[in-house]
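I'm opening a fresh page for a structure I haven't looked at before. These are my notes, in the order I looked things up.

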Amino acid sequence: MRIQIQRILCFTLLLHVLVGVGMLGQPAPAAAADSVVEPTTLLDKDFSSAVEGQSASQLGFDYSTLPSGATSSAVVEVDPIAKQKALHLTVNSAGNSQFLINKTFSETKTGTVTAEITFMQPGTSKAKDQIIYLTNAAGTKSLVIAGLDSSKGVVYWPDTAPVDLKTSYQLNKWHTIKVELNTLTKRFNMWFDGTLISARKNTNDAIDVKKISIGTPAGNGELYVRSIKVTHTPPNYKPAKPEIAYWVGRDKSIALWIEPDAWASKYSIKIKEKAEDPWYTTATYTSIPTSIPPYASPSASKVWDPVTNTAVALTNGKTYIVGVAVITRDETAKIDYEGEITEFTATPYAVTPIETPDTNVIGTVTAYNNYNANRWSINSGLYVGDEPFADRTSALKITVLPEKYSSMDWIKTHADTMRYTGSTTGMQIATFPVRDKASIYVAMDQRETPPAWLSSVSGWTDTGDIIQLADTALSYTFKIYQKDIASGATVTMGLNNVTDYNAGKNAGYFVMAERVPTGLKADSFVPWTNKSNYTLKGSLDETSVTLAVYNNQTLVYDSRLAQNQFSVDVELAPGVNNIELIARRAGSSYSDKITGVVHYDPVAPVLHMTVPPTSVKDFLYNVQGTVNEESKVTIKNNGEAVADSVYTSSNVPFSYPVQLSEGMNQIEISAIDAAGNESTKTFSIDYMFWAGKPDFYDLNETEMNSLVSSGDLIAQKQITNNTSNAKQITLFVVLFDANKKMVDFSTLIEEFAPGETKTLSTGFTLPTQVNGYSLKAFIWDSLDGMKPLSEESIIEGG
């Protein structure tokens, strides 16, 4: 009763204002709510956290009445897909009846009620299911029913027939439906999986909400419910500011798109030139959108002129202040409540500029066909599945695309753009400059003869390439034409053949662009050098390109090249030099870059060597040392390399065996670092051929350490001539008595070729008396030369 009295009072006040001032006012009833009111929660059930085995009745729901013989259940179970707990509703043998679980609120609710349910329809066949009912206090009407249809997908029921929302769902997958309704406006919005799919549609004629019901498919069916939440906001007589999705300047008008609200019966569109001016209501928008997204889409086309005291057309290029307010109409009391105003500045255009990303070679696009310019987009990267035309009744998608076109920039226009016939502002669809030299490609339906602007006379070439596209009914082949455009030049997108387009004989065209590189090339960088001056050499594919060279981020060269070859000297700094070559065309922000690193090192490596003896008797000598940086080590003996450019790490000892020549050996060790700096060490080693001491054996080849009476004994030595000269080598065996007088001897003389190995062996039978005797064995070159080639070996008698 109180609410009805308030409505009567408000209506009286409204009539008073209309009579007194001649325009619509903003009544403020005593019970008016704040413009923004936080919703209260009526129901919030998360069944995934409920106890398994609990029934819906234990969780506060009551059940619908079913026909005789029908069975049903509503129990928390683990779902078969996600393996999480959910409320499982089932019904069997119910004929045309659903099984419903219901939650009745403690009070009747008016204003905005929002219900959100997460559910899954299991099985192998889709079934019609009226999932959510929001019912009035009298129990006679559901303001809206949301659910599924086996053929139409996600739907709602305003009465009996489901309304197709062109949105599909999947079996055995979790989905979420959200419904927001307002009892004053009798409008509702609907979301599916977070996407708004229906807005400001009319509810059934009821003025309050008292109950929510959740239902299974009729007859035999099941439904899993993970969660259900219901919130309420009381009636708001001063609606909150609407949110503007976007706007676009058209010829002498400004089009705008508004995020829909269920409490918006209509929108008041206002405009003025200056902030201090009064608002002029240029339009009242009442339409219910059917497109996706379902934005309200009014336009402002006139502004009040205080000089002529009339509404006049907007002036292209002039910036205006636009305001939008929600009007909530109480459909029962037939009273309008206007809310706060959202303000923004906008400009109408005869032709609309569409800004493009700085990284795109396509510059700002000037759309002459600008009615739907807000739906145009400039994109980078073209892929199978892309739609070249926005909002086409049957989406036309790319199905086959040559690889070379996948990285290009391209322009997506509106489907109606291909119907544009020109205007006084220009006989073209659009123009745009290129930010650098570019190859422009036009993909046009092959059924269409190329118009004059796309002909070979105009510089266009048929590439021979095609792109395949398809909609739900037909496949299309688009031929690709190409033309090179100079940096800063303008590309004109000419008119399509509208007659053929309207007759279904062509599907239009779209434009792609690819920057043409300057062809910058450079010789390979030398990573290390010991010279301070470094020469960069390279080439470009064209002349009149500006080449800039940086070293460690400092500009060292900047010149426009008259030729396509270049040679630039760069002064290096000790250490690391990070070099960049950047080629850029005049007036372009695009460039090609080559980078490299050059190390300038003028200091020779430090070579430390182990000092060798002046003479040796072993023909192999290990040269040992270290270098203080990574280097290549070369070792020469008497001018010939014995180790050539062997890599060694910094301060890691190296060791290389060198085969010596008989006589004096001049050893040279050099270390060269990566920059070519060299350090050298030299020394001399005198190598004397040496056979080594012989050993004593008996005839059984047992080594002997003393003389044995009457025993057979030999001296033996294996010898290799490691020199490059033939040699005569003699083995001597001499027996001395206790008085050091020679008693017996034996010799063996052999000739050794260079590199030859032989075993010398000679001896005799010892006397019976060997006490005090001694036996010596040694090696000379000969009796004549008597040059010792070994130490003496001596054994004695007991």
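What sits over the ring of Trp 191? I checked, and the charged end of Lys 178 does, 4.5 Å from the ring centre. A note to self before I go on: this is a predicted model.

**Entry: another lysine over a ring**

I also found Lys 272 lying over the face of Trp 279. There the distance to the ring centre is 4.2 Å.

**Entry: rings with rings**

How many aromatic pairs does a search of the whole structure find? I got 14. I picked out Tyr 237 and Tyr 337, which make an edge-to-face pair. Their centres are 4.7 Å apart, and the planes stand at 70° to each other. I then looked up where the two sit along the chain, and the pair links distant parts of it, 100 residues apart. Tyr 237 is in the loop between β15 (221-233) and β16 (244-250), while Tyr 337 belongs to strand β24 (residues 335-346).

Are these two buried or exposed? Tyr 237 counts as buried because its relative accessibility is 9%. Tyr 337 is buried as well, with a relative accessible area of 1%.

I noted a cluster too: ring pairs link Tyr 246, Trp 257 and Tyr 295.

**Entry: the largest pocket**

Trp 257 from that cluster turned up again when I looked at the largest pocket. I put the volume of this pocket at about 440 Å³. It has 23 lining residues, and those closest to the centre are Trp 257, Ser 291, Arg 375, Asp 391 and His 414. Which elements give two or more residues to the lining? They are β16 and β17 (253-258). I see that β17 gives the most, with three residues.

**Entry: a seven-stranded sheet**

Next I traced an open sheet of seven strands, paired antiparallel, in the order β2-β5-β14-β7-β8-β9-β10. At the edges I have β2 (62-63) and β10 (163-164), each pairing on one side only. As a reminder to myself, strands of a sheet pair through backbone hydrogen bonds.

I took a closer look at one pairing inside this sheet. Strand β5 (residues 100-109) and strand β14 (residues 209-215) are antiparallel and share six bridges. For Thr 104, I found the bridge partner in β14 to be Lys 211.

**Entry: strand β32**

Why do I call strand β32 (residues 438-445) largely enclosed by the rest of the structure? Because eight of its eight residues are buried. I looked up its pairings next. Eight bridges join β32 to strand β34 (residues 475-485), and the two run antiparallel. In that pairing Val 442 has Tyr 481 as its bridge partner. β32 also pairs with strand β36 (residues 509-515), again antiparallel, over seven bridges. Here I found Tyr 441 opposite Met 512.

**Entry: Thr 399**

My last stop was Thr 399, in strand β29 (residues 397-400). With 40% relative accessibility, Thr 399 counts as partly exposed, because that class runs between 20% and 50%. I checked Thr 399 against Gly 385: they are 14 residues apart in sequence and 6.3 Å apart in space, C-alpha to C-alpha. What is Thr 399 in contact with, leaving aside its neighbours within four places in sequence? I listed Val 384, Gln 468, Leu 469 and Ala 470.

Definitions and conventions. Residues are numbered from 1 along each chain as its sequence is written. This is a predicted model: local features need pLDDT of at least 70, side-chain atom pairs count only at pLDDT 80 or more; totals for chains, interfaces and linings use all residues. Side-chain values use heavy atoms; hydrogens and water are left out. Two strands pair if DSSP finds at least two bridges between them. Helices (H or I, at least four residues) and strands (E, at least two) are DSSP runs, numbered from the N terminus. Buried means under 20% relative accessible area, exposed over 50%, partly exposed in between (1.4 Å probe, protein chains only). Contact means heavy atoms within 4.5 Å. Rings of Phe, Tyr and Trp (its six-membered ring) pair if their centres lie within 6.5 Å; planes under 30 degrees apart count as stacked, over 60 as edge-to-face and the rest as tilted. A charge sits over a ring if NZ of Lys or CZ of Arg is within 6 Å of the ring centre and within 35 degrees of the ring normal. On a 1 Å grid over the protein atoms alone, a cavity is a set of points where a 1.4 Å probe fits but cannot get out, and a pocket is an open set with protein on both sides within 12 Å along at least five of seven lines; lining residues have an atom within 4 Å of a point. Grid points are joined across faces, edges and corners, and a volume is the space filled by probe spheres set on the points.
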